[in-house]
Amino acid sequence: YDQLVCVHTSESILFKEIELPLTTREQVSLVLEEEIEPHLPFSPLDGNTGFIINPSTTEGASAVLTATIKKQVADAFYAPFEAAEVFPDAVTTDIECLAAFISATHFQQDVTAHFLKIIVDIHAQHTQLIFMQDGKVRNAKTIPSGSQSFMTVHAANVEEKTAATQNFDEK
């Protein structure tokens, strides 16, 4: 292979957009740990945080989208690679991959690109919501319900309606 890119599932990542009066990666890197701490349920020292800088409506500021994963989760993810002595060249999230694909295919000629768009990606066990504006990810959320839970609820409703119909027919 020429390059190994690993993709984390977003289920294990906390996303948060924060507004900072900074515009460069270097500036953001210097203050990110302190700025993200109030938004995490654990110490920033116990996690790995990456970020992308989006334009802000405020002059001289940036909307910084952060993605934080607990170090123990990241370590468990990398363990098989290290055991095989294979080292990833890059790491990303499934949301970033999907957003990049959508931006490349849907936002190029889209006159509504400046509107907020929500992409819903339904998996078996969870659902991802990706909030995009101007072709950039603004936020992301993972809901712990997916197609299996939707189908379970739907099946229960069908059973309930079927039983109600049978009871009505018997009367």
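A salt bridge here is a side-chain nitrogen of Lys or Arg within 4 Å of a carboxyl oxygen of Asp or Glu. With that cut-off in hand, the predicted model is quick to go through, since a search of the whole structure turns up one such pair. The partners are Glu-17 and Arg-138, and their closest N and O atoms sit 3.6 Å apart. Glu-17 belongs to strand S2 and Arg-138 to strand S8, so the pair links parts that are 121 residues apart in sequence. As for cover, Arg-138 counts as buried because its relative accessible area is 16%, under the 20% limit for that class. Glu-17, at 28% relative accessibility, comes out as partly exposed.

The two strands of that salt bridge lead to two sheets. S2 is part of an open sheet of three strands, ordered S2-S4-S3 and paired antiparallel. Strand S2 (13-20) and strand S3 (47-55) are the edges of this sheet; each has a single partner strand, so one side of each has no neighbour in the sheet. On average, neighbouring strands here are turned by 25° against each other, direction ignored. S3 and strand S4 (residues 62-70) are joined by nine bridges in the antiparallel sense. Within that pairing, Thr-49 has Thr-68 in S4 as its bridge partner, and Pro-55 stands opposite Ser-62, also in S4. The hairpin of S3 and S4 has six residues between the strands, and Gly-60 in this hairpin adopts a positive phi near 75°.

Two helices go with this sheet. Helix H1 (residues 25-36) lies across S2, S3 and S4, and runs at about 125° to S3. Helix H2 (residues 71-83) also packs on the sheet, where it touches S3 and S4, and its direction makes about 65° with that of S4. Past H2, in the loop that leads to strand S5 (90-93), comes Glu-85. This residue is a backbone oddity to look at: Glu-85 is not a glycine, yet its phi is positive, at about 55°. Glu-85 is also exposed, with a relative accessible area of 64%.

S8, the strand that holds Arg-138, is part of the other sheet. This one is open too, with three strands in the order S6-S7-S8 and antiparallel pairing. S6 and strand S8 (136-143) are its edge strands, each pairing on one side only. The twist from one strand to the next averages 20°. Between S6 and strand S7 (residues 127-133), which run antiparallel, there are six bridges. One of the pairs is Ile-122 with Thr-127, the latter being the partner in S7.

The turn from S6 to S7 brings in His-126, placed in the loop between these strands. Is His-126 buried or exposed? The answer is buried, because its relative accessible area of 8% is under the 20% cut-off. Leaving out residues up to four places away in sequence, His-126 touches Glu-11, Asp-121, Thr-142, Ile-143, Pro-144, Ser-145 and Gly-146.

Ile-122, in strand S6, makes a good stop on the way to the surface. With a relative accessible area of 47%, Ile-122 is partly exposed. Apart from neighbours within four places in sequence, its contacts are Thr-127, Gly-146, Ser-147 and Phe-150. Ser-145 is another residue to check from here: Ile-122 and Ser-145 are 23 residues apart in sequence, while their C-alpha atoms are 8.6 Å apart in space.

The contact between Ile-122 and Phe-150 also shows up in the surface analysis. Leu-116, Ile-118, Val-120, Ile-122 and Phe-150 make a nonpolar surface patch of about 470 Å². Which element gives the most to the nonpolar patch? That is strand S6 (residues 117-122), with three residues. In a regular strand, side chains alternate between the two faces of the sheet. Phe-150 comes from helix H4 (residues 147-170), and, with a relative accessible area of 41%, is partly exposed.

Note on methods. Residues are numbered from 1 along each chain as its sequence is written. This is a predicted model: local features need pLDDT of at least 70, side-chain atom pairs count only at pLDDT 80 or more; totals for chains, interfaces and linings use all residues. Side-chain values use heavy atoms; hydrogens and water are left out. Patches are made of residues with over 30% relative accessible area and no salt bridge: like charges are joined within 9 Å, nonpolar side chains (Val, Leu, Ile, Met, Phe, Trp, Tyr) within 5 Å. Accessible areas come from the Shrake-Rupley method with a 1.4 Å probe; for residues, only the protein chains shown count as cover. Helices (H or I, at least four residues) and strands (E, at least two) are DSSP runs, numbered from the N terminus. Buried means under 20% relative accessible area, exposed over 50%, partly exposed in between (1.4 Å probe, protein chains only). Two strands pair if DSSP finds at least two bridges between them. Axes are lines fitted to C-alpha atoms, for helices over the stretch in contact, and angles run from 0 to 180 degrees between N-to-C directions. Contact means heavy atoms within 4.5 Å.
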